[in-house]
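Got your viewer open? Here is a short tour: what to select at each stop, and what you will find there.

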Amino acid sequence: MKQVFLVFLGGGLGSALRYVISKPLNLLLQNFFLGTFLVNIVGCLLIGIILGVSAKNNFLSANNTLFLATGFCGGFTTFSAFAFEKHSLLKSSELFHFSLYTIASIVVGIIAVALGLWLSRLGD
């Protein structure tokens, strides 16, 4: 139960920070979500540092890693987990699975958003 609370707390903090950063920055450029882009890149950098430091020298406890990587980075941007998973596939030379998972995630994700929007209009 403690681990669930750590993920919950970290996720809430990450989500709040994502909102504070991305909302004003997304208004700066037309047709480019600068805030979302920056949050995704910073989240990728953070999860790399957190998991790298955690694996390298046990500097972070399992609970700290759970709070920071799964909770905070997961709330800040799920793109960080997506990018880390892709890196893992590339690192193990799983090029087919890397390509399949990347393309499927993007294409099916966009289709799922479109489907959700369509389903939400059925009662109109």
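One term before the first click: a residue is buried when its relative accessible area is under 20%, exposed when that value is over 50%, and partly exposed in between, using a 1.4 Å probe and protein chains only. This is a predicted model, where local features need pLDDT of at least 70 and side-chain atom pairs count only at pLDDT 80 or more, while totals for chains, interfaces and linings use all residues. Residues are numbered from 1 along each chain as its sequence is written, and side-chain values use heavy atoms, leaving out hydrogens and water.

**The whole chain.** Start with a cartoon view. You should see 5 helices and 0 strands; helices (H or I, at least four residues) and strands (E, at least two) are DSSP runs, numbered from the N terminus. The C-alpha trace spans about 55 × 35 × 35 Å along its principal axes. Of the 124 residues, 21% are buried.

**Ser-22.** Now select Ser-22, in helix H1 (residues 2-25). Buried or exposed? Ser-22 counts as buried, because its relative accessibility is 11%. Its side chain reaches the backbone oxygen of Arg-18 at 2.7 Å, a polar contact (a pair of N or O atoms within 3.5 Å; within protein, one must be able to donate a hydrogen and the other to accept it, and residues adjacent in sequence count only if both atoms are side-chain atoms). Leaving aside residues up to four places away in sequence, Ser-22 touches Gly-35, Thr-36 and Val-39, where contact means heavy atoms within 4.5 Å.

**The core.** Follow that lead to Val-39, which belongs to the largest nonpolar core along with Ile-47, Ile-50, Leu-60, Ala-69, Phe-72, Cys-73 and Phe-76. Such a core is a set of buried Ala, Val, Leu, Ile, Met, Phe, Trp, Tyr and Cys residues joined through side-chain atoms within 4.5 Å. Helices H2 (34-57) and H3 (62-76) each give two or more residues to this core, and H3 gives the most, with 4.

**Helix H4.** Next, select residues 78-91, which form H4. At the N-terminal end, Thr-77 is the cap: a side-chain oxygen sits 2.9 Å from the backbone nitrogen of Phe-79. Color Ser-80, Phe-82 and Lys-86, the buried residues in H4. They lie on the same side of H4, because they cover an arc of only 160° around the axis, taken from the directions from the helix axis to the C-beta atoms. These buried residues pack against H2, H3 and helix H5 (95-120). Rotate to the face turned away from them, and you meet exposed Thr-78 and Lys-91.

**Last stop.** After H4, click Ser-93: its phi is positive, near 60°.

Technical notes. The expected span of a helix is 1.5 Å times one less than its number of residues.
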